[in-house]
Amino acid sequence: MKAVLDHVGIAVRSLDESLAFFRDALGLEVEPAQDVPAQRVRAQFISTGSASLELLESSAPGSPIGAFLEKRGPGLHHITLRVEDIRAALQQLKDRRVRLIDEAPRPGAEGALVAFIHPSSAHGVLVELKQVVSVIPPPPKPRVIQLGDIQLTLLCDGFFHLDGGAMFGVIPKPMWEKKAVPDDRNRIRMAMRPVLVDNGSRKMLIDAGCGDKMTSPKQAEIYGFERDFNLTHSLAAAGVAPESIDVVLASHLHFDHAGGFTSLDASGVARPRFPRAQYVVRRGEWDEAHLVNERTKATYFPENFQPLADSRVLQLVDEDATIMPGVRVQRTGGHTMHHQMALIESCGKTAVFAADLLPTAAHLPEVWVMGYDLFPIDTLNFKRAFLREAVEREYLILFEHDPDVAAGYIRRRADGKRYVEPVA
Ligand SMILES: [Zn+2]
């Protein structure tokens, strides 16, 4: 067991009075006092290098610190040793017949786990063990944007990493690395941001991230997934039940967009993840996903989409069409021959789920086209016309892969240069 001194607890009759010595006479740095109601104590930490002092004042009659003061007077109360694995430490002590106050760890301050060792086994010193648990912050509540009568919820299926060079095609690294900082393996961090569209009577999910099936060590190694917070959490935080989704719309069937369409059941079989939903896919894209070549087979995985056909929840669309009131699709081509974006329109306002036409805000310049695109000149041509339209008509652009900017308006400066004004 490796144990490091974390702090020394000192029982005092009065925090205020004790500060005359610890703060004023010794000149130590004192943190604000905090109430710990469960222990009926007020505690004040004093930083002294790698370990600290903890002054303890009783905050209610009959508290453990009050009893200690009555019996022994002020003075050293406990020492706290920080260990890496508190359960293993307790087991080791039990094996050596050390008397424990806590047989199992219990929650302490700041999410830590703590347990006390009885002073009779520790030469008269009350010893506290502590394991610092990295606290995962509660998931942020997904941003909701009201677009006329339609509600857009900006969801997130976590992050992954792709080669920065491939993400920016012919753009030299000295230019793109200012917009997207690469890691030591030249990869850039990308979000997966599905969007929920609620028109008041129906709920549509557009794309669904990579989902939970890519669990092989090799895939984790290549893509550096960060999915502790994923679409499941994001939907829950938004108060959206998977059963409440009526339509799932695919921009295209690459794994980082369609992986979340299915999930594995108890026997390991991939099934449609949203039980009530009809899944809408463009026919051309569906056909290409089934006719993979050496270049496309690394991103079209049948378990992401074949179960939709098998379960008869697949609807193929041939043309640009309205999918539900307020949402229509438009083929962009470029990234794949049948890649499509979704236009969400209400009360004269338009939001565009641009998918891989504009994966991040950094892809704003016309020629910043992904090396992944199968038909980059088509992307360039479509993008040129689209950007002009987006500025003129003030489209709200939803950036599916941007790690920081989920949505923004494209504006044009006086010198003609375009920029993104983020709104989320
Ligand atoms: Zn993508």
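Me: A helix here is a DSSP run of H or I that is at least four residues long, and helices are numbered from the N terminus. With that in mind, what phi does E394 take, just after α11?

Reply: In this predicted model, E394 takes a positive phi of about 55°, at a place just after α11. Most residues other than glycine have a negative phi. Just after α3, R97 likewise takes a positive phi, of about 60°.

Me: What is the length of α11, and what span is expected of it?

Reply: Helix α11 has 17 residues, and from its first C-alpha to its last it reaches 24 Å, which is close to the 24 Å expected at 1.5 Å a residue.

Me: Which residues of α11 are buried, and what covers them?

Reply: The buried residues are T379, F382, K383, F386, L387 and A390. What covers these residues of α11 includes the strands β24, β25 (396-398), β26 (407-412) and β27 (418-422).

Me: What makes A355 buried or exposed?

Reply: A residue counts as buried if 20 or more other C-beta atoms lie within 10 Å of its own. A355 has 24 other C-beta atoms within 10 Å, and therefore A355 is called buried. A355 lies in the loop between β24 (349-353) and α11 (376-392), and its phi is near 50°, a positive value in a residue other than glycine.

Me: Why is R312 called buried or exposed?

Reply: The cut-off for an exposed residue is 12 or fewer other C-beta atoms. R312 has 9 other C-beta atoms within 10 Å, so R312 is exposed. R312 also has a positive phi, of about 55°, although it is not a glycine, and its place is in the loop between α10 (306-310) and β20 (314-317).

Me: And what makes Q151 partly exposed?

Reply: Partly exposed is the class that lies between the two cut-offs, 20 or more for buried and 12 or fewer for exposed. Because Q151 has 16 other C-beta atoms within 10 Å, it is partly exposed. Q151 is found in strand β11 (residues 150-154) and, leaving aside its neighbours within four places in sequence, is in contact with V144, Q146 and D198. Q151 and E128 are 23 residues apart in sequence, while their C-alpha atoms are 51 Å apart in space.

Me: How do you know that the buried residues of α3 line one face of the helix?

Reply: The buried residues of α3 (residues 86-95) are I86, A89 and L90. Seen down the axis of α3, these buried residues fall within an arc of 100°, so they line one face of the helix. They pack against β6 (75-83), β8 (113-117) and β9 (127-131), whereas A88, Q91 and D95, on the other side of α3, are exposed.

Me: Why is strand β12 described as largely enclosed?

Reply: Four of the five residues of β12 (residues 159-163) are buried, and therefore the strand is largely enclosed by the rest of the structure. Two strands pair if DSSP finds at least two bridges between them. Strands β12 and β13 (residues 187-191) have five bridges, in the antiparallel sense, and this counts as a pair. Within it, H161 stands opposite R189 in β13.

Technical notes
Residues are numbered from 1 along each chain as its sequence is written. This is a predicted model: local features need pLDDT of at least 70, side-chain atom pairs count only at pLDDT 80 or more; totals for chains, interfaces and linings use all residues. Helices (H or I, at least four residues) and strands (E, at least two) are DSSP runs, numbered from the N terminus. The expected span of a helix is 1.5 Å times one less than its number of residues. Two residues are in contact if their C-beta atoms, placed from the backbone, lie within 7 Å. The arc is that of the directions from the helix axis to the C-beta atoms.
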